[in-house]
Amino acid sequence: MALTDQVEVLRDRIPYILFGTVFLFIGLCVCGTAMMRRRSEGKFFIWLGIWSAIEGTEYLFGSLADLGLLPRWLLPCLPYAGTIMSFSVVVIALLAFLDLSRDKLRLFLQGAIAAGLALDVAGNALFLFTGSSFKIMPF
């Protein structure tokens, strides 16, 4: 690979590395702050922090893997971690919104969480058996 090609690849990946780092840092800070609060409204911030950290981790580790900057022992784990995070992010986001909702919207979100958990379990199981995460989630 020529030097200009390497510079282009790095230039394309720098925003993802920066956004991933920021999202991961903010997610960890929000989770840490919520743990210190120890109140019932801290649950929302924990779910919000986990959601942010998952998005940041996907951006950061995906970009670092594309550039070949991750250790070799971590590379076999990336497809499993990416699949688990991709399928669970919807459930975690719905859990964050569940803490903000009331009445009928709360019932709707609980049903959506149940459906999301079913898809999460089915998607992860299908990935373990087939090795492809695109059987349920084609995008």
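In the predicted model, helix H1 bends by about 35° at arginine 13. A proline, proline 15, follows this bend within four residues. The extent of H1 can be checked against the length of its sequence: at 1.5 Å a residue, its 35 residues should span 51 Å, and the end C-alpha atoms are 50 Å apart, which agrees. The buried residues of H1 are Ile17, Gly20, Leu24, Gly27, Cys31 and Ala34, and what covers them includes helix H2. H1 is followed by arginine 38, a residue whose phi is positive, near 55°.

The overall architecture of the protein chain comes to four helices and zero strands. Read from the N terminus on, the order of the elements is α-α-α-α. The C-alpha trace spans about 60 × 35 × 25 Å along its principal axes. Of the 139 residues in the protein chain, buried residues make up 29%. The accessible surface comes to about 9,400 Å², and 71% of this area belongs to carbon and sulfur atoms. Among the contacts with a separation of 6 or more, 66% are accounted for by residues 24 or more positions apart.

The interior was then examined through its nonpolar cores. The largest nonpolar core has seven residues, namely Ile17, Leu24, Ala53, Leu60, Leu64, Leu70 and Leu74. Two elements, helix H1 (3–37) and H2, give two or more residues to this core. The largest share, three residues, comes from H2. Apart from this group there is a second, separate core of six residues, which includes Leu95, Leu98, Leu109 and Ile113. Two members of the largest core, Ile17 and Leu24, also appear among the buried residues of H1. Leucine 64, another member of the largest core, touches Ile17, Leu69 and Leu70 when residues up to four places away in sequence are not counted.

Ile17 also has a contact with a residue of H2. Serine 63, which lies in helix H2 (residues 42–67), touches Arg13, Tyr16 and Ile17, again not counting residues up to four places away in sequence. One of these partners, Arg13, is the residue at which H1 bends. Serine 63 has a relative accessible area of 1%; this value is under 20%, and serine 63 is therefore buried.

Helix H3 has 21 residues and reaches 30 Å from its first C-alpha to its last, close to the 30 Å expected at 1.5 Å a residue. H3 bends by about 40° at serine 88. The buried residues of H3 are Thr83, Met85, Phe87, Ser88, Val89, Val91, Ile92, Ala93, Leu94, Leu95, Ala96 and Leu98. Serine 88, the site of the bend, is thus one of the buried residues. Two others in this list, Leu95 and Leu98, are included in the second core. What covers the buried residues of H3 includes H2 and H4.

Alanine 81 is found in helix H3 (residues 78–98). With a relative accessible area of 32%, a value that is neither under 20% nor over 50%, alanine 81 is partly exposed. The C-alpha atoms of alanine 81 and threonine 57 are separated by 9.7 Å, and these residues are 24 residues apart along the chain.

Aromatic side chains were considered next. The structure holds four aromatic pairs. In one of them, the rings of tyrosine 80 and phenylalanine 127 have their centres 5.3 Å apart and their planes at 75°; because this angle is over 60 degrees, the pair is edge-to-face. Tyrosine 80 lies in helix H3 and phenylalanine 127 in helix H4 (residues 103–130), so the pair ties together parts that are 47 residues apart in sequence. The two partners fall into separate accessibility classes: tyrosine 80 counts as partly exposed at 44% relative accessibility, whereas phenylalanine 127 is buried, with a relative accessible area of 9%.

Aspartate 103 has its place in helix H4. The phi of aspartate 103 is near 50°, a positive value in a residue other than glycine. At 65% relative accessibility, which is over 50%, aspartate 103 counts as exposed.

How values were computed: Residues are numbered from 1 along each chain as its sequence is written. This is a predicted model: local features need pLDDT of at least 70, side-chain atom pairs count only at pLDDT 80 or more; totals for chains, interfaces and linings use all residues. Side-chain values use heavy atoms; hydrogens and water are left out. Buried means under 20% relative accessible area, exposed over 50%, partly exposed in between (1.4 Å probe, protein chains only). Contact means heavy atoms within 4.5 Å. A nonpolar core is a set of buried Ala, Val, Leu, Ile, Met, Phe, Trp, Tyr and Cys residues joined through side-chain atoms within 4.5 Å. The expected span of a helix is 1.5 Å times one less than its number of residues. The bend at a residue is the angle between axes fitted to the seven residues ending there and the seven starting there. Accessible areas come from the Shrake-Rupley method with a 1.4 Å probe; for residues, only the protein chains shown count as cover. Rings of Phe, Tyr and Trp (its six-membered ring) pair if their centres lie within 6.5 Å; planes under 30 degrees apart count as stacked, over 60 as edge-to-face and the rest as tilted.
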